[in-house]
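Visitor: Could you pick one residue in this structure and take a close look at it for me? Once that's done, keep going and show me how other parts of the chain look from there.

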Amino acid sequence: MEKFRIVGGRALSGRVSISGAKNSALPCMAAALLSSETVTLHNLPYVRDIITQRRLLEDIGATVLTPELRTHKITASHIELFEAPYELVRTMRASVLALGPLLARFGKAKVSLPGGCAIGTRPIDLHLAAFTQLGAEVKLEAGNVIARAPKAGRLIGREIHFDKVTVTGTENLMMAATLAHGLTVLNNAACEPEITDLAELLNKMGARVRGAGTKRIEIEGVEALGGAEHTIIPDRIETGTFIAAAAITKGDLEIKDCQPQHLASVIDKLREVGVEIEEINPSTLHVCCPKTLTARDVTTEPYPEFPTDMQAQYMALMTQAEGSAVIEETVFENRFMHASELQRMGAHISIDGRSASVTGPTALTGAPLLASDLRASASLVLAGLVASGETMIDRVYHIDRGYEKIEAKLRAVGADIERIRESVTAPLSQAAQPEMVAEL
Ligand code: UD1
């Protein structure tokens, strides 16, 4: 088990570079399954989930070459297996993104049904209902989703309405529809920048996708897709996390290689709170925090509103703000696991269903903490940076899933943080903690 040891109280200062977006890289890697030709992806973040996705692609027969650390050349010319096994899906839910491409190109796919996770039940019923509308036969067998295209082997374009905005659902269907017969329309589609990035890649591969980034996406099916080369967009959540890190430590950071327009809602909210954020150029932000922070309410909602993936980090920041902030989580039903850890550091937080009220400012004190999911871990790191004394965060494998070398990046701008590799000598009852099912 690895831990982070943080000694808080240092203002961050310097320059940090943002990595590629994990949530864009994952569907783009899955999209390579739609073609027998090579798809080259640049700017992939070097994080655990990308390694897992690569393993999935290789396990089912694709070849993945890595000429450079952040470039993958994926060729799915000889697919032998048409499934994402439980072993992979349980560590990364985004493996369900294999379903759309496999079903569309080969007419069959088997994906283990992801269970609930730390932040909610997270079903994929909307994906499955939409595949059925495209003519697929979808059944559940021994915990697996087994999907087959209609007799002719090809999905049939249809108009689909998602009852709820789903990011990976939109991506899965968008990919499936590229090879369907006729026109597919996705209504109430997710508008996240990662959707637009995926659509851009698909169009480079020869797909006909229009309207990505809006609530209505039209996909005209084509016979086959070819190879393409594509650079993944910067990670907006990593960007937001570093803005929060500068703010919470009253630091001064230049954040480069980012795309500020992808996190306008976060920037607007943090400016309201008193963080000074200046766009130096289209890919660089300057963040500092000379003033007292003022508490402001926030509600998480699908893009372009405030992202649920920034909620935990925002909560950590609100512990340092003057006044009370109400944080409403509308996307996931159980996404306040970080609150109890922050309370152990002295934060004043009360939870009522999907609403959390944080009153500050509070002088946090370092404590041993347990990370429960990816973004919750980031929130605990932020709290550790401002707490007095030592904070030890256990189960940092959660953060490694989505943040590229976060401790190295933070150390380079002045944080006192180190990764501790513990040899497991504790009795089995303590050492063999079951891994929480990973989620995002
Ligand atoms: C993606 C992101 C995750 C982010 C989330 C919301 C990736 C790999 N992950 O997750 O970081 O937090 O979007 O912005 O891109 N739902 C259903 N049925 C479905 C699908 C979803 O009820 O079939 C519900 C979910 O339980 C949740 C809500 O819809 O309450 C949104 O989920 P969704 O947008 O699908 O999240 P993910 O795509 O899994």
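**A close look at one loop residue, and onward**

Guide: Let's start with Arg395, which is buried, because its relative accessible area is 8% and the cut-off for buried is under 20%. Keep in mind that this is a predicted model. Arg395 sits in the loop between strand 23 (390-394) and helix 13 (397-400). Look at its backbone too: phi is near 65 degrees, a positive value in a residue that isn't glycine. Most residues other than glycine have a negative phi, and most peptide bonds are trans.

Ala142 makes a nice partner for that. Its phi is near 50 degrees, again positive in a residue other than glycine. You'll find Ala142 in the loop between strand 8 (137-141) and strand 9 (144-148). Is Ala142 buried or exposed? Ala142 is exposed, since its relative accessible area comes out at 80% and exposed means over 50%. There's a glycine to add as well: Gly206, just after helix 7, takes a positive phi of about 110 degrees.

Now the peptide bonds. Going from Tyr303 to Pro304, the bond is cis, with omega near 10 degrees. Tyr303 is in the loop between strand 18 (298-300) and helix 10 (311-318), and Pro304 is placed in the loop between strand 18 and helix 10 as well. What does Tyr303 touch, once residues up to four places away in sequence are set aside? The list is Cys191, Glu192, Pro193, Arg236, Gln261 and His262. Val165 makes another useful reference point: Tyr303 and Val165 are 138 residues apart in sequence, with their C-alpha atoms 9.6 Å apart in space.

A cis bond also links Gly360 to Pro361, with omega near 0 degrees. Pro361 belongs to the loop between strand 21 and strand 22. Thr365 is placed in the loop between strand 21 (355-360) and strand 22 (368-370) too. Thr365 counts as partly exposed because its relative accessible area is 40%, in between the 20% and 50% cut-offs. Setting aside neighbours within four places in sequence, Thr365 is in contact with Met345, Ala387 and Ser388. As for Val413, it is 48 residues from Thr365 in sequence and 22 Å from it in space, C-alpha to C-alpha.

Back to Pro193, one of the residues Tyr303 touches. Pro193 is also among the buried residues of helix 7, along with Glu194, Ile195, Asp197, Leu198, Ala199, Leu201 and Leu202. You can check the length of helix 7 (residues 193-204) yourself: twelve residues at 1.5 Å a residue should span 16 Å, so the 17 Å between its end C-alpha atoms agrees.

Leu202 takes us on to the nonpolar packing. The largest nonpolar core has 75 residues, and Leu202 is one of those with the most contacts inside it, together with Leu34, Leu41, Leu155, Met174 and Leu186. Helix 1 gives this core its largest share, six residues. A separate core of 68 residues lies apart from it, and includes Ile6, Ala295, Ala325 and Leu382. Zooming in on Leu186, and not counting residues up to four places away in sequence, its contacts are Ile160, Phe162, Thr170, Leu173, Met174, Lys215, Arg216, Ile217 and Ile219.

Helix 1 deserves its own moment. The axes of helix 1 (residues 22-31) and helix 2 (residues 48-59) come within 10 Å and cross at roughly 5 degrees. Angles under 35 degrees count as roughly parallel, and helix 1 and helix 2 are therefore roughly parallel to each other. Where they meet, helix 1 brings Lys22, Ala25, Leu26, Met29 and Ala30, while helix 2 brings Asp49, Ile50, Gln53, Arg54 and Leu57. Sorted by class, that contact has six nonpolar, one polar and three charged residues.

One more stop: Ile277, in strand 16 (residues 276-281). Ile277 is buried, because its relative accessible area is 7%. Leaving out neighbours within four places in sequence, Ile277 is in contact with Ile243, Ile267, Leu270, Arg271, Leu285, His286 and Val287. Ile6, which we met in the core of 68 residues, is 271 residues from Ile277 along the chain, and their C-alpha atoms are separated by 26 Å.

Conventions: Residues numbered from 1 in each chain as written. Predicted model: local features only at pLDDT ≥ 70, side-chain atom pairs only at ≥ 80, totals over all residues. Heavy atoms only, no water. Axes fitted to C-alpha atoms, helices over the stretch in contact; angles between N-to-C directions. Helix = DSSP H or I, 4+ residues; strand = E, 2+ residues; numbered from the N terminus. Parallel < 35°, antiparallel > 145°, perpendicular 65-115°, else oblique. Contact = heavy atoms within 4.5 Å. Nonpolar A, V, L, I, M, F, W, Y, C, P; charged D, E, K, R; others polar. Core = buried A, V, L, I, M, F, W, Y, C linked by side-chain atoms within 4.5 Å. Buried < 20%, exposed > 50% of the residue type's maximum accessible area, 1.4 Å probe, protein only. Expected span 1.5 Å × (residues − 1).
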